[in-house]
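Colleague: I have the sequence and the model open side by side, and I'd love a guided look at one part of it. Could you pick a single spot where two strands meet, and then work outward from there?

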Amino acid sequence: MCGILAVLGCSDDSQAKRVRVLELSRRLKHRGPDWSGLYQHGDCFLSHQRLAIIDPASGDQPLFNEDKSIVVTVNGEIYNHEELRKRLPNHKFRTESDCDVIAHLYEEFGENFVDMLDGMFSFVLLDTRDNSFIVARDAIGITSLYMGWSLDGSIWISSELKGLNDDCEHFKSFPPGHLYSSKTGELKRWYNPPWFTESIPSTPYDPLVLRRAFENAVIKRLMTDVPFGVLLSGGLDSSLVASITARHLAGTKAAKQWGAQLHSFCVGLEGSPDLKAGKEVADYLGTVHHEFHFTVQDGIDAIEDVIYHVETYDVTTIRASTPMFLMSRKIKSLGVKMVISGEGSDEIFGGYLYFHKAPNKEEFHRETCRKIKALHMYDCLRANKSTSAWGLEARVPFLDKDFINVAMSIDPEFKMIKKDEGRIEKWVLRKAFDDEEKPYLPKHILYRQKEQFSDGVGYSWIDGLKAHAALHVNDKMMQNAAHIFPHNTPTTKEGYYYRMIFERFFPQNSARQTVPGGPSVACSTATAIEWDAEWSKNLDPSGRAALGVHNSAYENQAAVPSGLGPEIIENVPHMKVGTQGVAIAS
């Protein structure tokens, strides 16, 4: 991932303004530590912090067309760039960068080229011939992007809040699948797939069609000129990504450059479910596996950094971002710059445990649509910013446009969870890769129960966070929470604790409004809480809040002694770094 910052139409084009833009752009340097670029044309500034994945030698940005009249600053990867180059035979490209096609596509097709791009991206394109510009964000919002307005009438675009929050009067998240044109001054949706209307599809389930679509999604993401690996928690989604990558890596350009043996990475507390399952899958696939252990205290010590980088106070996101943030730092230290991850599957296939209570296929499908539409505020935001904090790029094949179209066209009756028929959550995906002749995964991994990332790294992680928050937030603070935080009022001490930290970094009203709110159980939307009357009494985003569904649900656990939480936090083993990962020493 790279970091982009653009200031467009400002009243001040002085050297002092250029220095200020450079200063703000440096706040995004963690996203792109390899090179910096700044282009100024009159009252417009386009800056870029580069993480070099494709064409590291000559792909520095901003990028231009032949006569430099079109200027682009981009964060992302365009997987079909070679195919798009063939459609532009009369154009001369300056670099081998995948993003180099954007300026030329605009020359050829105008503003309507965005849907031709297959990838993840956020970009600002400036046409210096008339000083007009466009801004666009990928279909699902895999890359983060914000838009702001300054008192001088300028429009600001930034990969992260911290690039614009101090200089804009108002700002917001730039909506996924949209394009902004300065010619009209309006946002318009360029991504309009059939599922977006939430109408109920009727295509029969074909496991081979689904399998082929996902394999293609993974294969196209093997495009890289730098070392890479896979995140492997041992759950279904990451294990399938690892399995397909391992099968198809040999013979690719990446294999010729960096070797055909895949590297895999996993993080967790000592003895956590993910560590055990991840190692088992790694052994089965023959990957070079790297285990990273962390303690509850290691995670708590990182919370402020996590909130600063991920820019949220959402409880679920912070719980899951922290282990990913810690793991990303270790991965980058090994020289790896890109990882392939399994985000998005649970939203597409109804993999969260609360989907067990979906009353019918219509409600099931509408909930998956709502979940996909909200991904940019939750799992995409986590995956993008937790990794980018250390100059690491995360690619997510489940959110491939073509794959989503295939998966979301399936009659949702086939996705419904029916225990009496042996159909657990994500049954259609599991069945598609249940190959007896050439198994992708061991059966018990292929049919392992869903674990949310913040649970799978170790159940005591969430318990420890709650105990830590209770030490810093008292009952009186909670009684006055609605007066202190009238917008998205925190309902738990953990939520209040995160909110205090967020407000210190991002005190503007616009900042707090970029974070979603509302009740949730096991990551549900507020609408799905109505599926079970008991859930409204147990509102927690952990998968263990799915009472009667999760094998380790809160209802099945003995009460925790009152003094246990602080003891977990204070008696801390230290981490030691070894060649293959991190070990725990007492």
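**From one residue pair outward**

Modeller: Happy to! Find Gly148 and look straight across to β10, where Phe171 stands opposite. Keep in mind that this is a predicted model. The strand on the Gly148 side is β8, residues 146-149, and its pairing with β10 is antiparallel, over 4 bridges.

Now widen the view to the sheet around them. It is an open sheet of 6 strands, and reading across you meet β2, β3, β1, β9, β8 and β10, in that order, with antiparallel pairing. Its edge strands are β2 (35-41) and β10 (170-173), each of which pairs on one side only. On average, neighbouring strands in this sheet are turned by 10° against each other, direction ignored. Helix α1, residues 15-25, lies across part of the sheet: its strands there are β1 (3-8), β2, β3 (44-50) and β9 (155-158). Relative to β3, α1 runs at about 30°.

From here, move to another open sheet, also described by 6 strands with antiparallel pairing: β4-β5-β6-β7-β11-β12. At its edges stand β4 (63-64) and β12 (186-189), each with a single partner strand, so one side of each has no neighbour in the sheet. Within it, β5 (70-78) and β6 (119-127) pair in the antiparallel sense over 9 bridges. If you want a residue to click on, try Thr73, whose bridge partner in β6 is Val124. Helix α3 (101-109) packs on this sheet and touches β4, β5, β6 and β7 (132-137), its direction making about 120° with that of β5.

A pair of helices makes a nice next stop. The axes of α4 (207-220) and α5 (236-248) come within 10 Å and cross at roughly 70°, and these two helices are therefore roughly perpendicular to each other. Their crossing is right-handed. On the α4 side, the contact is made by Phe214, Glu215, Val218 and Ile219, while α5 brings Leu240, Val241, Ile244, Thr245 and His248. Sorted by class, that contact has 6 nonpolar, 2 polar and 1 charged residues.

Finally, zoom right out. The chain has 22 helices and 19 strands. Its radius of gyration is 23 Å, close to the 25 Å that the globule rule gives for 586 residues, so the chain is as compact as a globular protein of that length. Along the principal axes, its C-alpha atoms fill a box of roughly 70 × 60 × 50 Å.

Notes. Residues are numbered from 1 along each chain as its sequence is written. This is a predicted model: local features need pLDDT of at least 70, side-chain atom pairs count only at pLDDT 80 or more; totals for chains, interfaces and linings use all residues. Side-chain values use heavy atoms; hydrogens and water are left out. Two strands pair if DSSP finds at least two bridges between them. Axes are lines fitted to C-alpha atoms, for helices over the stretch in contact, and angles run from 0 to 180 degrees between N-to-C directions. Contact means heavy atoms within 4.5 Å. Angles under 35 degrees count as roughly parallel, over 145 as roughly antiparallel, 65 to 115 as roughly perpendicular and the rest as oblique. A crossing is left-handed if the near helix is turned anticlockwise from the far one by less than a right angle, and right-handed if clockwise. Ala, Val, Leu, Ile, Met, Phe, Trp, Tyr, Cys and Pro count as nonpolar, Asp, Glu, Lys and Arg as charged, and the others, Gly among them, as polar. The radius of gyration is taken over C-alpha atoms; the globule rule is 2.2 Å times the number of residues to the power 0.38.
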